[in-house]
Amino acid sequence: MPANGNRPLKLQFGLINHEGRYLTAEAFGFKHFNPQMHKWVFFDPLNASAPSLKKKQIWTLEQDPQDPQVVYLRSHLGRYLASDKDGRVTCEADGQHADCRFLIVAQSNGSWALQSEPHLRFFGGSRDHLSCFAQLITDAELWAVHLALHPQSNLLSVARKRYAHLSMEDGEIAVDMNIPWGVAALLTLVYQEGKYCLKTCDSRFLSNDGKLVTQSGRATAYTLELKCGKLAFKDCEGKYLSPMGPTGTLRSGRCSKPGKDELFDLEESHPQVVLTAANGRYVSIRQGVSLAANQEDETDMETFQMEIDKETRKCTFCTSHGNYWDLVAHGGIQSSATEVSATSMFSVEWLGHKVALKANNGKYICTKKNGQLLAVSDSIGEDEQLTLKLINRPMLILRGENGFICHHKNSNLLDGSRSVYDIFSLQFSNGAYHIRGVDGRFWYVNSSGLVCSDGEVPEDFTVELLEHGRLAIRGKNRKYLRGDQGGTLKGDGLSLSSSALWEY
């Protein structure tokens with residue numbers, strides 16, 4: 001496992017058939033009135049009818065622990081795709097049974113043919129006419145793969161056990177980082193017509209010659225291939241990206257088949273933050289292991305990675321050296337823990353433009369006159385409040401329970417249920433954030449509680465990092481931004497709900 005202890009993201013994706021429709025697992029079979037046919041049409045629970053990738057079109061790949069060539073495809077309902085000896089396909093199995101075993105037969109264009117392992121037939125079809133009975137692969141048995149992961153992540157080289165990052169000095173992506181640190185380690189996978197581009201935090205694209213360019217094109221488009229649960233990026237010439245030379249310059253090599261050097265893992269990018277105390281100084285470890293608010297500039301020594309526990313929602317703060325904040329004797333806070341324990345977990349209380357941190361002893365962290373941080377306070381006053389700035393999401397992509405946030409096509413509103421996303425910029429401003437679109441205009445909440453995207457002047461929003469991988473946003477009215485049933489983004493949430501939590 002890499003130095004930062006992250007696990008690779010589970011591969012989630014949509015499967016697109018030869019007609020451009022997505023494999024869909026409905027919650028149940030249902031009837032739908034078709035106005036063109038003037039009759040009720042029955043939809044099978046499993047079909048390939050959807051034109052876009054949303055929740056019902058997401059599949060999770062699970063490898064067999066004994067035979068890594070065998071995979072299982074699990075739907076959003078937690079049920080597994082299965083095929084019997086007669087080619088009948090279902091998605092009702094609640095476990096990994098024999099009929100759920102499939103082999104991926106990768107094609108040169110990156111598409112997959114799915115072969116039933118016990119019956120050796122291929123899965124394909126259209127709409128609700130799906131079967132797994134073909135003995136040969138035709139267009140009807142080919143599936144294009146559309147990753148359903150959040151597009152922003154860290155990229156780990158399997159062979160080098162190092163992370164990719166933007167090297168501004170050399171104008172390249174280098175693969176030589178022990179821990180994915182800072183905004184430079186954030187890469188965005190951009191899906192374009194069945195292929196993927198790698199976009200850096202400064203909005204440039206990786207070309208297959210290793211150069212970074214401002215416009216995407218043929219040389220920046222890669223086909224994703226899967227090998228033993230790892231990803232390989234094949235360029236337009238049939239060669240694969242790999243780290244080259246001492247700094248691991250990411251570019252296409254000579255290999256026309258992916259080996260270990262050409263394999264990568266995608267890992268979740270945790271939020272990294274800078275904290276400012278009431279004395280106006282940054283919290284730092286520059287002076288040693290004891291934490292103190294005594295610095296005037298931001299460096300890696302003032303940056304901490306927040307890792308939020310999925311169960312307790314408490315968080316740890318990790319340094320760039322891989323050590324965790326830890327509660328020690330007399331309420332002291334030191335960056336001395338090498339493993340997560342109860343004393344390295346902290347509760348975050350969100351106070352609008354400020355936060356307060358409570359340690360495992362039930363006391364709030366306060367800043368003493370000399371800048372030292374101690375967990376000794378029973379209540380929150382000025383010295384217990386910190387300003388928290390998220391530094392590694394200058395490009396913001398938000399996905400809710402029904403899809404991504406994107407501009408409405410014909411209005412100034414925002415839609416929170418799209419299969420495609422817009423990239424917004426997040427700008428910090430004294431404990432709040434301004435959010436703006438590619439046209440340079442700002443988000444704001446209008447008098448009807450609708451979130452608009454054509455503001456001439458910035459409006460304050462506050463961000464709360466509440467769950468593992470999810471945040472909430474409040475408008476200046478202190479109400480949560482949520483997607484309504486129709487998908488429209490509104491700033492009227494009175495309480496926190498699933499519709500107000502966003503992957504970021």
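Start by selecting Asp64: in this predicted model, the residue is buried, at 8% relative accessibility. Keep Asp64 on screen and add Arg101, whose side chain meets that of Asp64 in a salt bridge, 3.2 Å from N to O. Follow the backbone away from each partner and you will see that this pair links distant parts of the chain, 37 residues apart. Arg101 sits in the loop between β9 (89-93) and β10 (102-106), while Asp64 belongs to the loop between β6 (59-63) and β7 (70-74). Arg101 counts as buried too, because its relative accessible area of 18% falls under the 20% cut-off.

Next, hop over to Lys476 and Glu459. Their closest N and O atoms are 3.7 Å apart, and the two form a salt bridge. Lys476 lies in the loop between β48 (470-474) and β49 (480-483), and Glu459 in the loop between β46 (451-455) and β47 (462-467), so this bridge ties together parts 17 residues apart in sequence. Is each partner buried or exposed? Lys476 is exposed, with 60% relative accessible area, whereas Glu459 is buried at 12%.

Before leaving, return to the opening pair and add Glu117 to your selection: salt bridges with shared partners join Asp64, Arg101 and Glu117 into one network.

For a last stop, pick Arg88 and Asp84. Their side chains meet in a salt bridge of 3.7 Å, N to O. Color them by accessibility and you will find Arg88 exposed, at 55%, and Asp84 partly exposed, with a relative accessible area of 21%.

If you would like to keep exploring, the salt bridge count for the model comes to 23.

How values were computed:
Residues are numbered from 1 along each chain as its sequence is written. This is a predicted model: local features need pLDDT of at least 70, side-chain atom pairs count only at pLDDT 80 or more; totals for chains, interfaces and linings use all residues. Side-chain values use heavy atoms; hydrogens and water are left out. A salt bridge is a side-chain nitrogen of Lys or Arg within 4 Å of a carboxyl oxygen of Asp or Glu. Helices (H or I, at least four residues) and strands (E, at least two) are DSSP runs, numbered from the N terminus. Buried means under 20% relative accessible area, exposed over 50%, partly exposed in between (1.4 Å probe, protein chains only).
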